[in-house]
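Me: I should like to go through the terms used for a structure and see how each is justified. Please set every value against its definition.

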Amino acid sequence: MRYDDYSDFCNTIHPRIALIWHTSSALTTKLLYGSAFRAPSFGELGLQNNPAALGNADLKPETIDTYEVAFSHRPRAYLQINLNLFTYQAQDLIEFVPSAVGNKASNARDQEGYGFEWEVNWEVNKQWRLNSSLAWQQSEDSDTGNAIADAPGRQFMLNSYWKVAPQWLLSSQLNWVGDRVRGAGDTRDSIGDYSLVDFTLKRQNIYKNLDISLGVRNVFDK
């Protein structure tokens, strides 16, 4: 149970609870409920000089309630598979909305969503390890039912860690992002999917616990 008392707007109480069941020697099942909040920022509460972004001293914090069912399965010592199913409801999200005096911070809307995350961790051998994950989610405005703009509907990641020599580590990552939509009323072309590829070469203990790494981000300039 978390309690916060803010002098500039209110106090909040947010609980978390989890039930963990060792279903078998290879499977763990979890049921989780959690709540959290984001306090209004100083600017959201107090800005007064820019009509494009005016503060509002009457703001309430953003809040969220999350519900999850998680499974962690280890069929072999070198292989672990995780599946997480979730749903959430977010309330009083803060946005700057048009008013008679300009764009004013307001607790403008509620949001809800659901989805899953699937993850596989595989230790191929002592020198090579692979991690991969696939996520799918659907989020929408609670009042209008419109999909949330820019949020990825699907995402896939693949990480490789290869110990090429006793003190050398080469890691790479592929991150694919897809199914993003425009906001309601946005007439621009649909948002394309994209893939990012990163590489990092690391030399450990080059001198008395000193490590040096060289990273290349977005290798194919996407």
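The exchange below takes up burial, contact, strand pairing and the pocket in turn.

Reply: This is a predicted model, in which local features need pLDDT of at least 70, side-chain atom pairs count only at pLDDT 80 or more, and totals for chains, interfaces and linings use all residues. Residues are numbered from 1 along each chain as its sequence is written, and side-chain values use heavy atoms, with hydrogens and water left out.

Me: Why is Thr28 called buried?

Reply: Buried means under 20% relative accessible area (1.4 Å probe, protein chains only). Thr28 has 17%, and is therefore buried.

Me: What makes Ile20 a contact of Thr28?

Reply: Contact means heavy atoms within 4.5 Å. Leaving aside neighbours within four places in sequence, Thr28 has such contacts with residues including Ile20, Trp21 and Phe71.

Me: How do you know that β8 and β9 pair?

Reply: Two strands (DSSP runs of E, at least two residues) pair if DSSP finds at least two bridges between them. β8 and β9 have nine bridges, in the antiparallel sense, so the criterion of at least two is satisfied. Ala135 stands opposite Gln155 in β9.

Me: What makes β9 and β10 a pair as well?

Reply: β9 and β10 are joined by 10 bridges, again antiparallel. The two strands form a hairpin with two residues between them, and Arg154 stands opposite Gly178 in β10.

Me: Which strand gives the largest share of the lining of the largest pocket?

Reply: β8 does, with five residues.

Notes:
Helix = DSSP H or I, 4+ residues; strand = E, 2+ residues; numbered from the N terminus. Buried < 20%, exposed > 50% of the residue type's maximum accessible area, 1.4 Å probe, protein only.
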